[in-house]
Amino acid sequence: MTALTKDKEIESLFRMFGFRSKEEFVRDAVEEKTARLKFLLFSHTATKVGRSIAKKGLRESDILDDFEQFRHA
């Protein structure tokens with residue numbers, strides 16, 4: 001797909017969905033992609049932490065109890 005064709009496609013989409021300008025459309029798309037990447041990073045990190053906790057043989061209740069002790073110390 002050529003750059004000109006891509007520009008026409010973007011223009012058609014931003015007008016179709018009520019964006020006031022190409023810049024507004026692109027800014028929204030970048031914000032949406034950034035949010036998705038942050039979610040993927042969080043999900044990946046949570047999975048790693050979960051695996052690490054499981055590998056150590058800890059349970060959720062152990063962690064919550066430890067947190068409560070720390071909070072009241």
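Begin by selecting Phe 67, which is found in helix H3, residues 60-71, where helices (H or I, at least four residues) and strands (E, at least two) are DSSP runs numbered from the N terminus. Phe 67 is partly exposed, with a relative accessible area of 46%; in this scheme buried means under 20% relative accessible area, exposed over 50%, and partly exposed in between, with a 1.4 Å probe and protein chains only. Add Ser 12 to the selection and compare the C-alpha positions: Phe 67 and Ser 12 are 55 residues apart in sequence and 53 Å apart in space.

The model on screen is predicted, so local features need pLDDT of at least 70 and side-chain atom pairs count only at pLDDT 80 or more, whereas totals for chains, interfaces and linings use all residues. Residues are numbered from 1 along each chain as its sequence is written, and side-chain values use heavy atoms, with hydrogens and water left out.

**The whole chain**

Zoom out to the full protein chain, whose secondary structure comes to three helices and zero strands, in the pattern α-α-α when read along the sequence. The radius of gyration is 23 Å, well over the 11 Å that the globule rule gives for 73 residues, so the chain is more spread out than a compact globule; the radius is taken over C-alpha atoms, and the rule is 2.2 Å times the number of residues to the power 0.38. Turned along its principal axes, the C-alpha trace spans about 60 × 30 × 15 Å. Of the 73 residues, 5% count as buried. With the surface displayed, the accessible area of the chain comes to about 6,800 Å², of which 60% belongs to carbon and sulfur atoms, as computed by the Shrake-Rupley method with a 1.4 Å probe, only the protein chains shown counting as cover for residues.

**Helix H1**

Next select residues 3-16, which make up helix H1. Its end C-alpha atoms are 20 Å apart, which agrees with the 20 Å that its 14 residues should span at 1.5 Å a residue, the expected span being 1.5 Å times one less than the number of residues.

Show the charged side chains here, bearing in mind that the structure holds six salt bridges, each defined as a side-chain nitrogen of Lys or Arg within 4 Å of a carboxyl oxygen of Asp or Glu. In one of them, Glu 9 pairs with Lys 6, with the closest N and O atoms 3.2 Å apart, and both residues lie in H1, three residues apart, about one turn of the helix. Glu 9 is partly exposed at 35% relative accessible area, and Lys 6 likewise counts as partly exposed at 39%. Further along H1, Arg 15 forms a salt bridge with Glu 11, the closest N and O atoms being 3.3 Å apart; these two residues are four residues apart, again about one turn. Arg 15 is exposed, with a relative accessible area of 55%, whereas Glu 11 counts as partly exposed at 33%. An α-helix has 3.6 residues a turn, so residues three or four places apart point the same way.

Now colour Leu 13, Met 16 and Phe 17, which make a nonpolar surface patch of about 330 Å². Patches are made of residues with over 30% relative accessible area and no salt bridge, like charges being joined within 9 Å and nonpolar side chains (Val, Leu, Ile, Met, Phe, Trp, Tyr) within 5 Å. Met 16 is exposed, with a relative accessible area of 57%. Following H1, Gly 18 has a positive phi, near 85°.

**The aromatic pair and helix H2**

Move on to the rings of Phe 19 and Phe 25, since a search of the whole structure finds one aromatic pair. Phe 19 and Phe 25 meet edge-to-face, at 5.3 Å centre to centre and with 80° between the planes. Rings of Phe, Tyr and Trp (its six-membered ring) pair if their centres lie within 6.5 Å; planes under 30 degrees apart count as stacked, over 60 as edge-to-face and the rest as tilted. Phe 25 counts as buried, at 18% relative accessibility.

Select residues 22-55 for helix H2, whose 34 residues reach 49 Å from the first C-alpha to the last, close to the 50 Å expected at 1.5 Å a residue. Within H2 lies Lys 48, which is exposed at 52% relative accessible area. Its C-alpha atom is separated by 23 Å from that of Glu 68, 20 residues apart along the chain. Just after H2, Gly 57 takes a positive phi of about 80°.

**Last stop**

Finish with Asp 62 and Arg 59, which form a salt bridge whose closest N and O atoms are 3.1 Å apart. Asp 62 is partly exposed, at 27% relative accessible area, while Arg 59 counts as exposed at 53%.
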